[in-house]
Structure formats: C-alpha cells, structure tokens
Amino acid sequence: LPGVENRNGDRRPTGLYVGLGVKVAGSQVDFSQGGLVTTDRELDFAINGNGFFQVLVEADIAPGGIAYTRAGSFAVNGDGELVLANGSGRRLEPSITIPDDATGLDVTADGRVLVSVPGQVEAQEVGQLELAKFINPQGLSQIGENLFAETIASGAPTLNTPGQGGTGEVRNRFLEGSNVNPTFELIDLIRTQRAFEMNSQTIRAADETLRSVAQLRR
C-alpha cells in the first residue's frame, strides 16, 4: 500500500494493486410478467400481475413447509384436492377439494373456485385461492420443480386475495408463457457478435503492426 515503511524507514510513494479478475457477483430471477397463453383447460390458472401460488412441501425443503410458484397448471388427486400437474403432486395451499359429482369448474378473477353440481342451478363455491407477495422476490431461493422458498433476503410473504394488496388477478384457462423478448434477445446477440468481431479485428491490426515493426531491421 502507499505509505508503507520498509526496513530502512522509507515510505513507499506508490503501492501495488493486484486485481482479482472478473467474477459473478450475483444472479437474479426475472419475475416480470410473461404473456398469457390460452389452454381452454379448466384447471389452468395464470396470475396476471404480481404474486405466487402456495404449495405444500417437506419441512426441510422450505420454511414452514410452504413453497411458492407461478406455475398454474393443476390437477385433481385421488382425494379431489388440487395439486400441481408437474408430476410432483404438490398440494395447493390453502387446500381446495373438488366434489366427485362436479361437472364443471370456473375461477373468478378474485380467486373464488366455483363448480357446477347436478341438481343445483347456481355454481357452488368450494374454495378461495390466495396469492403470496414478497417485498423482494429476487431474494427467493430456487429449490427445483419451478418452486421457490422464502429466505431472509426475500422477506416474509404477505397473503392476499387475488387483485388485492398489489397482487395480480387470476385468469382461468390460461397459463403464463415465457417473459423472454425474442426481438431484444436477437438484437443483443447481434450486438455481442459485432463487438467480438471488432475486438478480433483490433487484435489482428495490432499483430500486423508489430510484425511490420519486427521486420524493420530487414
């Protein structure tokens, strides 16, 4: 460091700094809204805005045994409960059970689950979806299966009825698509390619200049 004394009591007028090179400081998950894709499937729910569905997991995987996801493709298990349709069978929280004799299902924008039952003129409400919101969703921990766990960085979740408390509304018979912008990514790829080509030309020009200097003695 500048000013450090040597054995003779002299102080260094300058210092020596050695860099550590380039390294990854952190990575973030982009939770921006993706486009909604229609599926016409009764058990497909998309969140149009902020928020996460809650599902039950093992207690050693996520605090309190609750994980969070924006994947809204659900199915019904042998007990009539709504579970994730990704093969894991994770149960939705709070639990919603579909009656055996239900002939149709619909979900309102505010998350009320309605089913049609033979002999009933009006649809019957069998449950209410809740969405969790985090002050810093980028602080969530990825635990696989498109699930996320709460951390100190994410803060504690706040539970809201869809459309309330800054959460989005639920769209039935839709799924959220990728939020990748193909046009932007293609332009960024071209920009990176052109920058690489420019650097290659610079190195080639410097090499040719040094070759000419080395041949001056001839």
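**Group meeting: a strand pair, a core and a loop**

Okay, let's start with one bridge: Gly104 has Ser116, in E9, as its bridge partner. Quick caveats: this is a predicted model, with local features needing pLDDT of at least 70 and side-chain atom pairs counting only at pLDDT 80 or more, while totals for chains, interfaces and linings use all residues. Residues are numbered from 1 along each chain as its sequence is written, and side-chain values use heavy atoms, with hydrogens and water left out.

Back to the strands, which are DSSP runs of at least two residues, numbered from the N terminus. E8 and E9 are antiparallel, over 4 bridges; pairing takes at least two DSSP bridges. The open sheet has 3 strands, ordered E8-E9-E10 and paired antiparallel. E8 and E10 (124-128) are its edges, each pairing on one side only.

Now the largest nonpolar core, with 24 residues: Phe45, Phe53, Leu105 and Leu129 touch the most other members. By core I mean buried Ala, Val, Leu, Ile, Met, Phe, Trp, Tyr and Cys joined through side-chain atoms within 4.5 Å, buried being under 20% relative accessible area, exposed over 50%, and partly exposed in between, with a 1.4 Å probe and protein chains only. Among the strands supplying at least two residues each are E2 (45-48), E8 (104-107) and E9 (112-116).

And what about Asn50, in the loop between E2 and E3? Asn50 counts as partly exposed because its relative accessibility is 45%. Its contacts (heavy atoms within 4.5 Å), leaving aside neighbours within four places in sequence, include Arg70, Leu131 and Gly166. Asn50 and Lys133 are 83 residues apart along the chain, yet their C-alpha atoms are separated by 7.0 Å.
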